[in-house]
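Trainee: I would like to go through the ring contacts and pockets here, and to hear the reason behind each label.

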Amino acid sequence: MSVLITAKIKGDTAMFRRSMSDRAGEFEKTAERGREAGALHHRFGIGEGYVLVVDEWETAEQFEKFFGDPELQAFIGSVGADASTAPEITVTEAISSPDQF
């Protein structure tokens with residue numbers, strides 16, 4: 001059974017947007033490491049003053065290990081995350097539903 005993870009990370013969204021193209025290779029390498037660690041799906045959304053991460057992982061423990069990696073945390077900070085504010089992370093059981101698409 002997989003889990004859905006959302007992480008709301010406050011920070012400089014303009015800097016984050018720029019980093020998506022300026023540092024695309026680093027994002028690609030991070031995605032590869034995530035898949036190797038158990039990530040099944042990954043998306044970003046940008047809100048007013050925050051980035052929303054929406055992931056599906058095999059287990060919450062795999063996500064926690066991956067997200068807690070100091071190298072990943074340094075990367076997140078370098079692309080605009082506010083280091084003084086902890087991300088809001090929600091973990092839920094992924095379920096199937098008749099209206100799923």
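Mentor: This is a predicted model. Start with Lys 8, which lies over the face of Tyr 50 at 4.4 Å from the ring centre.

Trainee: What makes Lys 8 count as lying over the ring of Tyr 50?

Mentor: The distance limit is 6 Å from NZ of Lys to the ring centre, and Lys 8 is at 4.4 Å from that of Tyr 50, so the distance condition is met.

Trainee: Why is the pair of Phe 27 and Phe 44 called edge-to-face?

Mentor: Their ring centres are 6.1 Å apart, within the 6.5 Å limit, so they pair. Their planes stand at 90°, over the 60 degrees required, so the label is edge-to-face. Phe 27 is in helix 2 and Phe 44 in strand 2, so the pair ties together parts 17 residues apart in sequence.

Trainee: Why is Trp 57 with Phe 66 called tilted?

Mentor: The angle between their planes is 40°, neither under 30 nor over 60 degrees, so the pair is tilted. The distance is 5.3 Å centre to centre. Both residues, Trp 57 and Phe 66, are buried.

Trainee: Are Phe 27 and Phe 44 buried or partly exposed?

Mentor: Phe 27 has 13% relative accessibility, under the 20% cut-off, so Phe 27 is buried. Phe 44 has 30%, between 20% and 50%, so Phe 44 is partly exposed.

Trainee: Which pocket has a volume of about 520 Å³?

Mentor: The largest pocket. Among the residues closest to its centre are Phe 27 and Phe 44. Its lining divides into 19 nonpolar, 6 polar and 4 charged residues.

Methods
Residues numbered from 1 in each chain as written. Predicted model: local features only at pLDDT ≥ 70, side-chain atom pairs only at ≥ 80, totals over all residues. Heavy atoms only, no water. 1 Å grid on protein atoms, 1.4 Å probe; cavity = no way out; pocket = protein on both sides within 12 Å on 5 of 7 lines; lining within 4 Å. Points joined across faces, edges and corners; volume = space filled by probe spheres on them. Nonpolar A, V, L, I, M, F, W, Y, C, P; charged D, E, K, R; others polar. Phe/Tyr/Trp six-rings, centres within 6.5 Å; stacked < 30°, edge-to-face > 60°. Helix = DSSP H or I, 4+ residues; strand = E, 2+ residues; numbered from the N terminus. Buried < 20%, exposed > 50% of the residue type's maximum accessible area, 1.4 Å probe, protein only. Lys NZ or Arg CZ within 6 Å of the ring centre and 35° of its normal.
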